[in-house]
Amino acid sequence: MKAVQYRTVGAAPEVVEIPEPEPGPGQILLKVSAAGVCHSDIAVMSWPAEGFPYELPLTLGHEGVGTVAALGDGAQGFSVGDSVAVYGPWGCGTCVNCAQGRENYCLRAAELGINPPGLGSPGAMAEYMIVDDARHLTPIGDLDPVKTVSLTDAGLTPYHAIKRSLPKLVPGATAVVIGAGGLGHVGIQLLRALTAVRVIALDVSEEKLALARSVGAHETVVSDENAAARVRELTGGVGAEVVLDFVGAPPTVKTAGESASIDSDVTIVGIGGGTLPVGFGVLPFSTTVTAPYWGTRRELAEVIELAHAGAVDVHVETYSIDEAPLAYERLHAGKINGRAVILPNG
């Protein structure tokens with residue numbers, strides 16, 4: 001079967017032929033319908049050889065949707081032909097966090113060498129993939145796999161971040177979304193679906209700002225050195241109760257802190273390497289700064305329900321599996337407006 005693999009540190013991903021996998025005990029084989037392309041993959045492929053944490057070659061793709069093709073011995077809960085989404089942050093399944101469905105915060109994953117698909121384990125960017133346990137699958141029913149696949153990360157991750165701040169996302173409050181790309185444009189829709197707050201979107205691209213407006217942002221601001229001042233101007237000098245940074249680079253993290261109001265939440269979701277100093281007098285009083293990771297199993301089911309209700313619509317560009325390296329090139333160059341999706345069997 002064809003697969004998109006990262007094979008050599010520092011090299012571009014390649015489309016290769018590998019054997020079709022067979023499910024072992026408790027495992028499920030999926031025929032992959034769609035796989036998402038994410039900046040996290042580019043981050044992994046930019047790491048140096050020294051200390052690289054994963055074995056190569058690595059089949060990419062931590063966003064996956066497919067149909068059940070076969071069940072390993074003892075696997076239960078699904079039937080061949082079921083359409084499902086893959087929950088990505090796999091955990092041990094037995095620690096106190098996993099017992100609550102919070103496998104994104106598994107206490108033993110690192111110790112046991114458990115990695116998400118596409119981020120250490122073979123991923124979804126292949127004609128078929130193995131899912132280790134039925135609990136890591138969520139039914140999607142009649143949802144379009146192409147529109148649904150990115151909800152497993154680009155939907156789940158902002159949903160998890162937003163849910164943490166719902167007590168502050170009250171009517172009359174303001175939420176700032178920094179980065180209106182793959183995650184950010186979904187985050188805007190989730191804010192509009194879940195709350196009655198004012199949404200201000202920041203980005204460096206006018207194309208992405210136009211996308212932000214089209215999916216519900218009340219105001220858009222160019223993300224430059226004047227962005228925080230503009231946010232304060234739009235909020236009467238107060239700042240925003242919640243700031244969600246989906247870029248996480250040093251300049252955007254700085255803007256996030258400068259855009260925050262007293263008793264606000266600043267949530268750094270992006271993995272751009274930025275850090276925000278915390279201390280008395282450094283940020284407005286009682287500002288909480290967090291860097292959450294992905295989302296829980298229950299939250300993925302909730303995001304899928306929002307999709308069934310028509311509350312989220314991921315803007316996608318589709319590529320064949322042979323075009324996957326091109327999709328990564330376009331993503332790295334900032335030319336993807338929304339989310340790129342690979343169709344391994346398309």
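**A parallel sheet and its salt bridges**

Helix α8 (residues 250-259) lies across strands β9, β10, β12 (240-245) and β13 (260-268), and runs at about 155 degrees to β13. Contact here means heavy atoms within 4.5 Å; axes are lines fitted to C-alpha atoms, for helices over the stretch in contact, and angles run from 0 to 180 degrees between N-to-C directions. Helices (H or I, at least four residues) and strands (E, at least two) are DSSP runs numbered from the N terminus. The model is predicted, so that local features need pLDDT of at least 70 and side-chain atom pairs count only at pLDDT 80 or more, while totals for chains, interfaces and linings use all residues. Residues are numbered from 1 along each chain as its sequence is written, and side-chain values use heavy atoms, with hydrogens and water left out.

The strands beneath this description belong to an open sheet of six, ordered β11-β10-β9-β12-β13-β14 with parallel pairing; two strands pair if DSSP finds at least two bridges between them. Because β11 (219-222) and β14 (288-290) stand at the edges with a single partner strand each, one side of each has no neighbour in the sheet. From one strand to the next, the twist averages 15 degrees. Within the sheet, β9 (residues 174-178) and β10 (residues 198-203) run parallel and are joined by five bridges. Valine 177 stands opposite alanine 201 in β10.

The structure also holds 17 salt bridges, each defined as a side-chain nitrogen of Lys or Arg within 4 Å of a carboxyl oxygen of Asp or Glu. One of them joins arginine 339 to glutamate 63 at 2.7 Å, N to O. This pair links distant parts of the chain, 276 residues apart: arginine 339 lies in strand β16 (residues 339-343), and glutamate 63 in the loop between β4 (58-59) and β5 (64-71). Both arginine 339 and glutamate 63 are buried, a term for under 20% relative accessible area, with exposed meaning over 50% and partly exposed in between (1.4 Å probe, protein chains only).

Arginine 339 also forms a salt bridge with aspartate 153, their closest N and O atoms being 3.8 Å apart. Aspartate 153 sits in the loop between α3 (145-148) and α4 (156-164), 186 residues from arginine 339, and is likewise buried.

A further salt bridge connects arginine 298 with glutamate 302, at 3.0 Å between the closest N and O atoms. Because these two residues are four apart in helix α9 (residues 297-308), about one helical turn separates them. Arginine 298 is exposed, with a relative accessible area of 63%, whereas glutamate 302, at 19%, counts as buried. Elsewhere, Glu103, Asp133, Arg135 and Arg297 are linked in a salt-bridge network.
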